[in-house]
Amino acid sequence: MSRSGLLACEPPLTITIRFIPTLQREGVRINEAQLSRGYSPGGGVIGKLKQLGPVMLPLMLNSLAKADTLGLTIDMRGYRKASEHVRKMVYHAADLVTVLIVAAIFAGIVYVTFIL
């Protein structure tokens, strides 16, 4: 299996799958905190979309902090090879499309949350 490359992608995939329930619990916790502060986005689909704004920002910031801590932990334990630190990143068209999609979703959330 190491020839097929499956073992090479296993640790990042495992880490990603491991954090999905953690992010879900944290999103619920942040949502409950917003509701306890009196935030009422309304009902229906628009209310659900408005509810995402105050939850997504703290969730993203907490996720980035956890990712930074996890990266430092991986470096300190020596799981990465020294050659992996100096490789250059090459961007492709799919990367640009992904950034544009994420920016459009973010702009839509901001529009629904603050404009409507």
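In the predicted model, a nonpolar surface patch of about 1,200 Å² is formed by Val45, Ile46, Leu49, Leu52, Met56, Met60, Phe106, Val110, Tyr111, Phe114, Ile115 and Leu116. At least two residues of this patch are supplied by each of two helices, H2, which covers residues 44–77, and H3, which covers residues 93–115. The largest share comes from H2, with six residues. Leu49, one of the residues of the patch, lies in helix H2 and counts as partly exposed, because its relative accessibility is 34%. The patch belongs to a chain whose accessible surface comes to about 9,500 Å², with 68% of that area belonging to carbon and sulfur atoms.

As to the overall arrangement, the chain holds three helices and zero strands, and its elements follow one another from the N terminus as α-α-α. Of the 116 residues of the chain, 15% count as buried. When contacts between residues at least 6 apart in sequence are considered, 69% of them join residues that are at least 24 apart.

Helix H3 has 23 residues, and at 1.5 Å a residue these should span 33 Å; the C-alpha atoms at its ends are 32 Å apart, which agrees with that expectation. Within H3, the residues Ile109, Val112 and Thr113 are buried, and the cover over the buried residues of this helix includes H2. Helix H2 thus appears in two settings, since it supplies residues of the nonpolar patch and is also part of what covers the buried residues of H3.

In helix H1, which comprises residues 10–36, Gln34 is found. With a relative accessibility of 17%, Gln34 counts as buried, because a residue is placed in that class when the value is under 20%. When residues up to four places away in sequence are left aside, Gln34 touches Tyr39 and Pro54.

Turning to charged side chains, side chains of opposite charge can pair when their charged atoms come close. The count of salt bridges in the model comes to two. In one of them, Arg29 is paired with Glu26, and the closest N and O atoms are 3.8 Å apart, a separation to be read against the cut-off of 4 Å that defines a salt bridge. Both Arg29 and Glu26 lie in helix H1, where they are three residues apart, or about one turn of the helix. The two partners fall into separate classes of accessibility, for Arg29 is partly exposed, with a relative accessible area of 49%, whereas Glu26 is buried, with a relative accessible area of 8%.

Glu26 also forms a salt bridge with Lys66, in which the closest N and O atoms are 2.7 Å apart. Because Lys66 lies in helix H2 and Glu26 in helix H1, this pair ties together parts that are 40 residues apart in sequence. Lys66 is partly exposed, its relative accessible area being 32%. Through the sharing of partners, the salt bridges join Glu26, Arg29 and Lys66 into one network.

Note on methods: Residues are numbered from 1 along each chain as its sequence is written. This is a predicted model: local features need pLDDT of at least 70, side-chain atom pairs count only at pLDDT 80 or more; totals for chains, interfaces and linings use all residues. Side-chain values use heavy atoms; hydrogens and water are left out. Patches are made of residues with over 30% relative accessible area and no salt bridge: like charges are joined within 9 Å, nonpolar side chains (Val, Leu, Ile, Met, Phe, Trp, Tyr) within 5 Å. Accessible areas come from the Shrake-Rupley method with a 1.4 Å probe; for residues, only the protein chains shown count as cover. A salt bridge is a side-chain nitrogen of Lys or Arg within 4 Å of a carboxyl oxygen of Asp or Glu. Helices (H or I, at least four residues) and strands (E, at least two) are DSSP runs, numbered from the N terminus. Buried means under 20% relative accessible area, exposed over 50%, partly exposed in between (1.4 Å probe, protein chains only). Contact means heavy atoms within 4.5 Å. The expected span of a helix is 1.5 Å times one less than its number of residues.
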